[in-house]
Each structure stands twice: as structure tokens, then as C-alpha cells.
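User: Could you walk me through some of the side-chain contacts here, and the reasoning behind each label?

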Amino acid sequence: MSVEPEVSLDTIRQSEKDGALNSGTNTDKHVPTHEDFPDGGLRAWSVVVGAMCTTFTTELCLFRYVNSWGVFQAYYQTDILKDTPPSNIACIGSIQYSLVFLPALVSCRLFALGYFHPLLLVSSALLVTATFLVAECHEYWQFLLCQGFAVGLACGGLMSPTTALIAHWFKRRRGLAMGVSAMGSSFGGTLIPIAARKLIPKVDFPWMMRIIGFILLVGLGLSNLLVRRRFPPVTTSGGLFNLRAFRSPAYSFFCASTFTSFLGIYTVHMYIDVSVTAHGVDENFSFYLVSIANASSGLGRYCAGILADRIGPMNVMIPFTTGAAIVTFAWPFAVNKGRIIAIALVYGFASGSSVSLLANPVLEVGDATDVGQRIGMLMSILALGGLAGPPVSGVINTRTGGFEAVGYYAAQMRKFSPPPPAAPNMVYGPWMNYW
């Protein structure tokens with residue numbers, strides 16, 4: 001299979017417009033036609049493999065907060081940071097997670113300007129270095145600096161630009177490419193929490209962190225070798241935050257609905273194990289529920305990618321997001337092993353299907369050469385929802401003394417995202433030409 005040559009900016013500008021959305025970029029640029037995209041081949045799929053390595057390694061670090069931060073929280077509270085208030089320890093994970101999405105405005109802007117590879121290299125080096133340094137930390141401020149700020153910023157420099165890169169190589173099969181790359185996150189979220197729980201008592205915490213650091217070194221090394229941008233740099237108007245993009249009702253509605261969704265998207269992941277232990281289920285069993293959900297989400301992401309290429313990403317996201325909302329509402333009422341396993345499997349599949357396609361609608365509208373700016377704005381907006389959602393769920397749980405109201409809150413947040421089919425021409429009409 002041959003390697004596709006780089007497409008010049010002149011070629012892109014001379015291609016047919018094909019219904020492009022004017023989002024505040026240079027008006028003489030046009031969306032490349034289907035023939036301009038390789039949509040396969042050794043070079044294109046190697047980029048997908050590199051992106052999958054990136055999502056795997058970032059999940060390798062982020063599982064500490066979203067998937068099994070409790071493993072670290074419990075260890076810190078009883079050992080290294082036993083004199084530190086639990087709320088302060090929890091701030092380490094909260095800061096880490098918020099910094100993954102908030103820097104997307106800057107990282108995607110650098111991507112658009114042609115600094116993708118320096119950004120990837122620096123972020124990779126920072127992530128590996130910070131992970132090794134966590135093994136040497138003994139004070140709270142050291143953990144906050146290395147595990148909170150450094151790891152979070154490094155992951156933020158890796159995730160969003162790598163997602164935007166797939167738009168350079170795929171058009172007709174973009175959904176499949178995005179689904180396959182997102183599967184790396186599911187692999188990391190399934191295997192790493194289990195490995196960490198087993199390694200801490202066997203080799204101690206410092207060596208567990210060093211083992212993770214070596215895995216990061218291999219994964220990010222492959223990512224740096226495989227991923228390549230295809231289009232030349234492009235200068236877009238509006239700086240970091242291009243308000244003109246929100247003149248598009250489709251883009252504006254999608255950003256608003258994604259923010260709403262992220263207010264409830266991590267509630268089940270964070271509280272599913274705690275909720276069943278309150279009903280007498282063994283803690284050693286409940287720990288694996290998140291890994292079960294993540295394994296199921298891997299299958300969901302792959303299936304969603306295939307379906308998105310056939311019927312359009314929004315036509316896949318709407319039913320799966322609705323399904324995830326229904327399961328979220330039912331989750332607090334699952335009080336035995338059989339029911340909670342079913343909840344974890346169904347929720348993981350439905351949630352993974354919708355989350356893996358988050359960037360696809362944005363990729364389908366506007367110019368593929370400046371997609372980084374639009375994804376950066378989307379990621380920064382959804383980060384606010386993801387940051388506020390879990391604390392709100394925690395407050396509701398504290399006030400009510402149970403998880404029924406928490407499930408109702410999170411389900412309502414997910415219910416209204418993506419936007420309902422009441423406004424098809426405004427919301428998902430521009431990207432429904434897939435039949």
C-alpha cells in the first residue's frame with residue numbers, strides 16, 4: 001500500500017466547497033472533497049494506531065481520577081499523606097482532570113499553526129517525567145504539582161490535537177477511524193485500574209508508578225513515530241476563541257448540549273462501586289465494575305464508528321445517549337451483583353458509543369484544515385461541565401443520603417444531550433449526507 005502525499009493548501013482551496021460551514025475562517029478556503037482524503041492505506045491507519053496509543057496512555061494517567069482515583073485516595077490517606085485532609089487529596093485528581101480539556105484552546109491553536117509535533121514531543125516528555133517524579137513525592141505540594149498540574153497539562157497537550165489530526169486523513173470512514181482510536185481509552189480504563197490495585201501491595205507504590213512510567217514511554221514513543229499531520233498549517237481568524245463559529249446554530253447547539261451531557265456523564269463511573277457497597281456488595285467485587293463498564297465501552301466505540309459512517313454521527317449519538325440516560329436513572333435501583341453487572345455492561349456500551357463520536361459532528365462542518373480551533377473550543381466548554389458535574393452529584397448524595405436523586409440528576413443532564421430531533425435542520429442537518 002502506498003503512502004499518500006501531503007496535499008498542498010492550493011489544492012485544498014481549489015476543491016469544491018461541498019456545503020462548507022463558514023465558521024469565521026478565511027473565506028477562500030474550501031472543504032476538501034472525498035477524493036482528497038486517503039480514507040485508508042498504511043499511512044492513514046498508522047496515524048490511527050498512533051492516536052490509539054495516545055488515548056491509551058492518557059487514560060493510563062487519567063484513570064486515577066475518573067475510574068479508580070479511590071485506589072490512590074485510599075493509599076494517600078493511610079500512608080504518604082495520612083495527615084492531609086481527604087478533601088485536599090481529592091483536589092489533586094480534580095485539578096488533573098480539569099486540565100485535560102481546558103488547555104484545548106491553546107493546544108488546538110498550536111496544532112492549527114503547525115506546531116503539532118513539537119507540542120506532542122514536549123507533552124509526551126512532560127507526562128513521562130511527571131509520572132516518574134510522582135514515585136519520588138513525599139509532600140502534598142509535590143503530589144499536587146506533579147500528579148495534578150504536570151500530568152493534567154501534559155494530557156491536555158496530547159488529547160485534543162490528536163483527535164483533530166484524524167480529520168486530515170479520513171472522510172467517508174472517519175467514524176470508524178475515530179472509534180478505533182478511542183478504543184485505546186477503553187483498553188487503558190479496563191486494564192490499568194486492575195493492574196494498579198494488584199501492584200501496590202506487591203511492589204509498593206513507587207515501583208508501581210515507575211512501571212506505569214515505562215509503559216507511557218513505550219506508548220508515547222510509538223505515538224510520536226506514527227502520527228503525522230497531512231495538511232499544511234493554516235492561519236484562522238479570531239485568535240484562541242473564535243466567536244464567529246457560534247454563528248452556526250448547529251455548532252452552538254452541539255456545544256451547549258455537550259456541556260449539559262458532561263454535567264452527568266461521569267456520575268455512574270465515579271459512584272457505581274460505592275452505591276452497591278452501601279447495599280452489602282463486597283468491595284473487592286465492586287471495584288471491577290468500572291473495568292467492566294470500560295471493557296463494554298470499547299465494543300460500543302467500535303460499533304458506533306461503523307454506524308456513524310453509514311447513517312451519520314448524530315443519528316448514532318442521539319439513541320445511544322438516550323439509552324445511557326435511561327440506564328443512569330435505573331442504576332441506583334440495582335442492589336445486587338447480577339443487576340449491577342448488567343447496568344455496567346449496558347451503560348459502558350451506550351456511553352462509549354456516544355462519547356467516542358463527540359468530535360465527529362465538529363469534524364463534519366467547516367474546513368478540515370482548521371478543525372483544531374473548533375475542537376479546542378468544544379473541549380474547553382465541555383471541560384466546565386465535566387469539572388462541575390461530579391461535585392454536584394456528591395452534594396446531592398450528601399443532602400439526600402442516597403443515590404436515587406443522584407441518578408435522576410445525572411440522567412436528566414444526559415437526557416438533554418445531544419439536542420432533541422425537534423430541530424433537525426438546525427442541529428444535525430449539515431452532516432446527514434451519509435446514506
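Analyst: Happy to; we can take the labels one by one.
This is a predicted model, so local features need pLDDT of at least 70 and side-chain atom pairs count only at pLDDT 80 or more, while totals for chains, interfaces and linings use all residues. Residues are numbered from 1 along each chain as its sequence is written, and side-chain values use heavy atoms, with hydrogens and water left out.

User: What makes Arg210 and Glu136 a salt bridge?

Analyst: The term asks for a side-chain nitrogen of Lys or Arg within 4 Å of a carboxyl oxygen of Asp or Glu. The closest N and O atoms of Arg210 and Glu136 are 2.9 Å apart, so the pair fits the rule. The count by this rule is one salt bridge.

User: Why is Glu136 called partly exposed?

Analyst: Buried means under 20% relative accessible area and exposed over 50%, with partly exposed in between (1.4 Å probe, protein chains only). Glu136 has 44%, so the middle label applies.

User: Why is the pair of Phe329 and Tyr408 called edge-to-face?

Analyst: Rings of Phe, Tyr and Trp (its six-membered ring) pair if their centres lie within 6.5 Å; planes under 30 degrees apart are stacked, over 60 edge-to-face, and the rest tilted. Here the centres are 6.2 Å apart and the planes at 70°, so the pair is edge-to-face.

User: How do you know that the charged end of Lys337 sits over the ring of Phe285?

Analyst: The rule wants NZ of Lys or CZ of Arg within 6 Å of the ring centre and within 35 degrees of the ring normal. The charged end of Lys337 sits over the Phe285 ring, 4.9 Å from its centre.
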